[in-house]
Amino acid sequence: MPDEVIAFKELMKSHNGFLIASPEYNGSLTGILKNTIDWMSRPYSDDPRMVCFNGKIAGIMAASPGGLGGLRGLHHLRVILASIGTFVLPNQVAVGNAGNNLVDEESVKDEGLNKAVQSQAKEIVRVINALH
């Protein structure tokens with residue numbers, strides 16, 4: 001297993017949850033995100049099965065240039081994560097028309113969407129703190 005994969009597995013193992021924000025590619029999640037999930041699900045050492053995902057909490061968000069904002073990709077991501085033991089928060093954020101709505105690396109132009117992104121981040125922290 002490559003050293004970079006081992007290091008990332010250690011990072012994931014050290015956290016109780018994660019927030020995933022990804023673009024949508026052709027109606028699904030990106031190849032790099034799927035590849036990362038696949039690498040993190042590979043057994044290594046004496047780790048329990050799916051140690052990076054099982055029992056963890058995840059918040060999910062997506063963006064796309066289309067009006068749906070990545071909803072189709074979010075569905076695929078939710079199914080994958082749930083199947084490997086991750087509790088995915090019921091709420092999700094989809095940023096449509098990303099070319100116009102993403103101002104920079106820190107904010108979303110549409111105030112309602114910006115609040116939804118901030119709310120999702122706060123919710124993942126709240127749920128993780130409540131459960132751990």
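The radius of gyration used here is taken over C-alpha atoms, and the rule for a globule is 2.2 Å times the number of residues to the power 0.38. The structure is a predicted model.

**Exercise 1. Overall form**

Task: Work out how the radius of gyration of the protein relates to that of a compact globule with 132 residues.

Solution: Begin with the expectation, which for a compact globule of 132 residues is a radius of gyration near 14 Å. The protein itself has 15 Å, which agrees with that expectation. Next, take the outline along the principal axes, where the C-alpha atoms fill a box of roughly 45 × 35 × 25 Å. Then turn to the contacts with a separation of 6 or more, of which 72% are made by residues 24 or more positions apart. Finally, consider the surface: 38% of the 132 residues count as buried, and the accessible surface comes to about 7800 Å², with 54% of it belonging to carbon and sulfur atoms.

**Exercise 2. Order of elements**

Task: State how many helices and strands the protein has, and give the pattern they follow along the sequence.

Solution: The count gives 5 helices and 4 strands. Reading along the sequence then gives the pattern α-β-α-β-α-β-β-α-α.

**Exercise 3. A network around Lys13**

Task: Identify the salt-bridge partners of Lys13 and place each of them in the chain.

Solution: One partner is Glu10, whose side chain meets that of Lys13 with an N to O distance of 2.9 Å. Because Glu10 and Lys13 are 3 residues apart in helix α1 (residues 3-13), about one helical turn separates them. Another partner is Asp47, for which the closest N and O atoms are 3.1 Å apart. This second pair links distant parts of the chain, since Asp47 lies in the loop between α2 (31-40) and β2 (57-63), 34 residues from Lys13 in helix α1. As for accessibility, where partly exposed lies between 20% and 50%, Glu10 at 40% is partly exposed, as are Lys13 at 26% and Asp47 at 23%.

**Exercise 4. A pair in helix α5**

Task: Describe the salt bridge between Arg126 and Glu123, and decide whether each residue is buried, partly exposed or exposed.

Solution: The two side chains, of Arg126 and Glu123, meet at 2.8 Å, N to O. Both residues belong to helix α5 (residues 111-131), where they stand 3 residues apart, about one turn of the helix. With relative accessibilities of 48% for Arg126 and 27% for Glu123, each counts as partly exposed. Returning to the earlier exercise, salt bridges with shared partners join Glu10, Lys13 and Asp47 into one network.

Notes: Residues numbered from 1 in each chain as written. Predicted model: local features only at pLDDT ≥ 70, side-chain atom pairs only at ≥ 80, totals over all residues. Heavy atoms only, no water. Helix = DSSP H or I, 4+ residues; strand = E, 2+ residues; numbered from the N terminus. Buried < 20%, exposed > 50% of the residue type's maximum accessible area, 1.4 Å probe, protein only. Contact = heavy atoms within 4.5 Å. Areas by Shrake-Rupley, 256 points an atom, 1.4 Å probe, with all protein chains shown as cover. Salt bridge = Lys/Arg side-chain N within 4 Å of Asp/Glu carboxyl O.
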